[in-house]
Amino acid sequence: LYGEYQEHQGGSGRREATRLLTERQIKKHGNHHHSHGRTRHVHGRHSHSHQHADHIRQKTRFQPNMENEAADEQMAENEFTSMRKMRSYSKCRDCIARVQRFLVTRLGEDWIFLVLLGITMALVSWTMDYASAKSLQAYKWIYRELKGNIPLQYLAWVSYPLMFILFSSLFCHLVSPQAIGSGIPELKTILRGVVLKEYLTLKAFIAKVIGLTAALGSGMPVGKEGPFVHIASICAAVLSRFMSFFSGVYQNPYCYTDILTVGCAVGVGCCFGTPLGGVLFSIEVTSTYFAVRNYWRGYFAATFSAFIFRVFSVFNKDAVTITALFRTNFRMDFPFDLQELPAFAIIGIVCGFLGAFFVYLNRQVVLFMRRPNAMTRFLIKHRLIFPATVTLVIATLTFPPGFGQFMAGELMPRECINSLFDNFTWTKISGSPSPAGLGRSAVWLHPDVSVFIILLLFFIMKVCTC
């Protein structure tokens with residue numbers, strides 16, 4: 001048996017099996033010969049025939065031992081072969097797992113996360129626009145149904161936005177006070193490394209979405225850009241926590257900052273349909289440090305979100321096809337004269353100074369509201385009085401049969417923007433009966449007041465209310 005194993009032995013594993021079997025055979029043969037010698041010494045007086053029979057019996061008993069040893073040899077070879085197959089299988093499995101982990105971590109997870117973020121924010125933006133549009137339609141319907149009864153019209157015109165604004169304020173205060181305000185200053189603080197609790201949680205997301213939807217549906221001149229940046233950042237943070245169950249990459253604090261930066265870009269992109277504007281805004285928010293790797297992340301997520309947002313509008317038949325959010329009908333063959341270029345430059349310079357002046361006024365108002373005095377303590381104690389007072393004043397000033405007829409108060413915020421992009425020369429038709437086909441733009445014309453006075457009053461009103 002030992003010779004046969006030496007002829008067929010191959011690798012180190014088989015040599016080890018041969019050594020073990022050889023030691024086992026030597027032990028068995030040694031014990032067998034020792035007991036046989038003792039038997040011959042005790043029974044030495046027996047005949048040769050007895051010795052021959054004893055030899056035959058020993059030979060017969062030795063054959064099953066050889067068969068058992070052959071079975072042990074076969075079992076050892078099978079075990080070694082199975083171990084080698086298992087080792088090679090585990091190596092292949094580990095190699096495949098490493099490749100899959102590398103691809104998912106370096107390529108797949110970013111794409112999956114950005115696509116999910118874009119789809120989620122597009123769906124949230126479209127849902128909020130749809131709900132607020134239906135609310136504004138109900139607002140206008142109630143006002144038209146009460147036509148001819150001025151006191152009831154005024155009551156409906158004032159009470160409808162008041163109800164929505166109070167609900168929005170109360171809901172945010174009870175569910176998540178961190179959702180109050182635009183959220184951009186707090187987001188800048190978080191991106192600079194300060195930990196603010198409860199600002200990027202699911203509770204704040206729900207309070208912000210419902211509160212902003214109610215505020216937009218009230219008809220008040222409020223926008224959704226600032227709050228929507230906060231909403232997108234919350235959505236990115238919550239989605240990153242969900243993705244952390246599948247990968248530890250999203251538990252890295254540096255990755256968390258990149259996620260919030262991408263959320264800022266997506267918030268502006270799906271709000272106005274401007275991916276480039278979203279990326280530029282994300283750079284503005286993270287003015288201290290902006291990683292270059294966030295350029296393509298922010299642009300891809302914002303583009304995907306803006307595209308899905310416009311697709312939802314087409315499905316809902318709000319638009320015929322995918323176009324700009326605020327579309328114009330200016331002539332493309334002759335858009336402007338050369339002498340108009342200095343006027344455009346002057347408008348840009350004046351708007352820049354007005355923007356800086358608006359920021360200064362807003363800062364003074366905020367500092368005054370935070371200054372400890374009797375009025376601020378009273379407003380902090382009774383939080384609903386301030387939004388109710390502001391809503392009541394704005395609704396009274398924009399009441400169409402009243403002072404609102406001098407500032408197009410009948411139009412809702414989005415309708416105002418769309419009508420201002422209409423291609424009509426108001427100076428030629430001002431002071432005369434409105435021609436047919438003006439549509440909503442007819443509210444900008446008054447028989448006794450110049451259109452420039454109406455535009456100036458509208459401008460002052462919007463600056464003060466914002």
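**Salt bridges, a one-sided helix and a nonpolar patch**

Asp 129 makes a good starting point: this residue is buried, with a relative accessible area of 16%. Please keep in mind, as you turn the structure around, that you are looking at a predicted model. What does the side chain of Asp 129 meet in a salt bridge? The partner is the side chain of Lys 224, at 2.8 Å from N to O. This contact bridges distant parts of the chain, since Asp 129 belongs to helix H3 (residues 48-145) while Lys 224 sits in the loop between helix H6 (202-217) and helix H7 (225-243), 95 residues apart. Lys 224 has a relative accessibility of 8%, so this residue counts as buried too, given that the cut-off is under 20%.

That pair is one of three salt bridges in the structure. For another, stay with helix H3 and look for Lys 140, whose side chain meets that of Glu 415 in a salt bridge of 3.5 Å, N to O. Glu 415 lies in helix H14 (residues 413-420) and Lys 140 in H3, so the contact ties together parts of the chain that are 275 residues apart in sequence. Lys 140 is buried as well, with a relative accessible area of 11%.

The side chains of Arg 297 and Asp 258 also form a salt bridge, again listed at 3.5 Å from N to O. Here helix H10 (residues 294-315) supplies Arg 297 and helix H8 (residues 253-272) supplies Asp 258, and the two residues are 39 apart along the chain. Are Arg 297 and Asp 258 buried or exposed? Both are buried.

Distant parts of the sequence approach each other at Gly 402 too. This glycine is in the loop between helix H13 (385-397) and H14. Its C-alpha is 9.6 Å from that of Ile 150, although 252 residues separate the two in sequence. With a relative accessible area of 25%, Gly 402 is partly exposed.

Now move on to helix H16, which runs over residues 451-465. Its 15 residues reach 21 Å from the first C-alpha to the last, close to the 21 Å expected at 1.5 Å a residue. Which residues of H16 are buried? They include Val 451, Ile 454, Phe 458 and Met 461. Viewed down the helix axis, the buried residues of H16 fall within an arc of 90 degrees, so they line one face. An α-helix has 3.6 residues a turn, so residues three or four places apart point the same way. Phe 452 and Cys 464, on the other side of H16, are exposed.

H16 also takes part in a nonpolar surface patch, where H16 and helix H11 (341-370) each supply at least two residues. The patch covers about 750 Å², and its members include Ile 346, Phe 358, Leu 456 and Val 463. H11 gives the most to this patch, with five residues. One residue of H11 is Ile 346, and at 52% relative accessibility Ile 346 counts as exposed.

Finally, the unreviewed UniProt entry marks several transmembrane regions, including residues 259-283, 341-363 and 443-461. Two of these spans invite a look at their geometry. Residues 341-363 are 100% helix and 0% strand, with end C-alpha atoms 33 Å apart. Residues 259-283 are 92% helix and 0% strand, and their end C-alpha atoms lie 13 Å apart.

Terms used. Residues are numbered from 1 along each chain as its sequence is written. This is a predicted model: local features need pLDDT of at least 70, side-chain atom pairs count only at pLDDT 80 or more; totals for chains, interfaces and linings use all residues. Side-chain values use heavy atoms; hydrogens and water are left out. A salt bridge is a side-chain nitrogen of Lys or Arg within 4 Å of a carboxyl oxygen of Asp or Glu. Helices (H or I, at least four residues) and strands (E, at least two) are DSSP runs, numbered from the N terminus. Buried means under 20% relative accessible area, exposed over 50%, partly exposed in between (1.4 Å probe, protein chains only). The expected span of a helix is 1.5 Å times one less than its number of residues. The arc is that of the directions from the helix axis to the C-beta atoms. UniProt positions are given in the numbering used here, feature names are shortened, and annotations may be inferred rather than shown by experiment. Patches are made of residues with over 30% relative accessible area and no salt bridge: like charges are joined within 9 Å, nonpolar side chains (Val, Leu, Ile, Met, Phe, Trp, Tyr) within 5 Å. Accessible areas come from the Shrake-Rupley method with a 1.4 Å probe; for residues, only the protein chains shown count as cover.
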